[in-house]
Amino acid sequence: MENVEGVGDVGDVGEVGEVIRSNAPGSFPYSVLRERHPALIRRMRDAFPYDPERRRALDALLRESTDPAGVMEPLPADARDREQWEGWGSGEHVGGSWFDAPFLWAESYFYRRLLDAVGYFDAAGPWQGIDPFRPFKRAELRSPEAQAELTALDRLAQEPRETQARALLHGSLWGNRADLGFQLTANATDTATTPLLADDSEHLWSLLPPGAGSTVHVVADNAGRELVPDLLLIDHFLRHAHAEQVILQVKPHPYYVSDATPMDVIDALRHLKQAPGEAGNAGERLWHATSAGHLQLRTHPFSCAPLPYAAMPDDLKKSFETATLTILKGDLNYRRLLGDQLRPPATSFTALTSYFPSPVAALRTLKSDVIAGLTEEMERTLNESEDRAWRTSGTHAVIQVRGE
């Protein structure tokens with residue numbers, strides 16, 4: 001199983017880096033397990049009147065997963081996906097330290113265990129199928145910031161099409177700042193004037209010439225305020241014939257705190273439809289595009305796997321093969337695309353993604369240590385001015401594309 005943790009091990013696409021783990025006090029992964037996860041559980045306990053059994057289960061998970069000496073407990077014997085997780089590596093990591101396991105694996109397993117703790121997968125009971133993160137996602141849609149962003153569409157509609165395209169692409173990129181998990185332990189920062197560390201925007205648009213009958217796959221990241229600009233970018237693709245069809249892939253069930261599910265897409269579409277002006281018009285177009293099959297929702301179990309995309313199953317690989325371009329949104333998808341490993345930032349993005357079965361674009365704000373495709377000079381400048389904080393602060397972003 002160790003060999004599928006790094007993209008470099010699969011397909012011989014480049015230098016194998018050091019697998020990121022959480023066992024270094026003061027590191028970003030360590031802070032996620034010790035600070036972000038406890039903050040999330042406190043927020044969930046405030047959001048729902050969980051019964052004593054559920055609250056005890058949350059407390060037990062918190063003690064187990066935040067103690068550097070704590071041991072990963074297995075999924076329940078009757079868990080419907082226990083065999084699947086065994087195929088994803090639970091036999092190797094369960095029974096060991098949360099902090100010594102690969103960070104991607106431990107973080108993903110935490111969210112799977114969290115769903116068990118709140119009874120999401122219970123065969124019966126009052127909490128079956130209730131998304132523990134939905135109140136936070138829906139609150140984002142009603143926030144003043146979200147409303148202001150929709151109002152701005154009326155002004156954007158008066159601009160030339162090229163200006164609209166650039167603004168909507170950047171809206172989708174920087175919408176990742178709305179990641180709820182990130183906000184639990186980070187301060188909001190204005191990134192309006194922050195330059196991109198890599199900007200392959202022109203390459204992205206060149207792969208989607210109007211009228212070419214393209215099929216675009218968009219692998220979503222977060223719901224709420226991030227999903228809305230993703231949908232608006234999709235509307236632009238369809239409205240101006242950059243794509244004949246868009247496949248929007250979301251998680252089959254709640255996963256990381258903000259991750260989009262089919263219900264979150266419906267919430268966002270309804271939110272747009274009910275808005276006045278250009279936002280409402282876009283919502284109507286997207287609603288009808290979904291009904292007509294031009295916008296399709298898809299889910300796949302591997303969306304919730306603690307593994308890189310280099311280990312994707314054949315059916316998912318064949319699905320991506322049909323794409324003119326696959327757009328991966330957000331930090332987690334970036335980690336899975338490149339492999340959650342530490343490599344020199346100047347490592348080639350093209351080489352690391354050469355295994356992917358279609359041309360691929362990453363729209364990502366930096367909120368973890370993984371990065372590729374920069375220059376050595378850029379790395380030196382960033383380290384001198386910000387130490388390593390630039391990798392995880394969410395104040396920098398990349399648009400990176402690997403074409404044919």
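**Helix packing, internal spaces and a covered helix**

In this predicted model, Leu 33, Arg 34, Pro 38, Ile 41 and Arg 45 of helix α1 touch Arg 55, Leu 58, Asp 59, Leu 62, Ser 65 and Thr 66 of helix α2; contact here means heavy atoms within 4.5 Å. Sorted by type, the residues of this contact are five nonpolar, two polar and four charged (Ala, Val, Leu, Ile, Met, Phe, Trp, Tyr, Cys and Pro count as nonpolar, Asp, Glu, Lys and Arg as charged, and the others, Gly among them, as polar). Helices (H or I, at least four residues) and strands (E, at least two) are DSSP runs, numbered from the N terminus.

A pair of packed helices can be described by the angle and the distance between their axes. For α1 (residues 28-47) and α2 (residues 52-66), the axes come within 10 Å and cross at roughly 175 degrees. That makes α1 roughly antiparallel to α2 (angles over 145 degrees count as roughly antiparallel, on a scale from 0 to 180 degrees between N-to-C directions, with axes fitted to C-alpha atoms over the stretch in contact).

Residues are numbered from 1 along each chain as its sequence is written. Local features need pLDDT of at least 70 and side-chain atom pairs count only at pLDDT 80 or more, while totals for chains, interfaces and linings use all residues, and side-chain values use heavy atoms, with hydrogens and water left out.

What about empty space inside? The count comes to six cavities of 30 Å³ or more (a cavity is a set of points on a 1 Å grid over the protein atoms alone where a 1.4 Å probe fits but cannot get out, and lining residues have an atom within 4 Å of a point; grid points are joined across faces, edges and corners, and a volume is the space filled by probe spheres set on the points). The second largest cavity holds about 160 Å³. Its lining has 13 residues, with Leu 153, Gln 164, Leu 168, Arg 239 and Arg 285 nearest the centre. Helix α11 supplies the largest share of that lining, four residues.

Then there is helix α15 (residues 330-338), which is mostly covered: nine of its nine residues are buried (under 20% relative accessible area, with a 1.4 Å probe and protein chains only). These buried residues, including Tyr 334 and Arg 335, pack against α5 (103-117), β3 (215-219), β6 (325-329), α16 (349-352), β8 (360-365) and β9 (397-402). Right after α15 comes Gly 339, with a positive phi near 90 degrees.

How values were computed. Parallel < 35°, antiparallel > 145°, perpendicular 65-115°, else oblique. 1 Å grid on protein atoms, 1.4 Å probe; cavity = no way out; pocket = protein on both sides within 12 Å on 5 of 7 lines; lining within 4 Å. Buried < 20%, exposed > 50% of the residue type's maximum accessible area, 1.4 Å probe, protein only.
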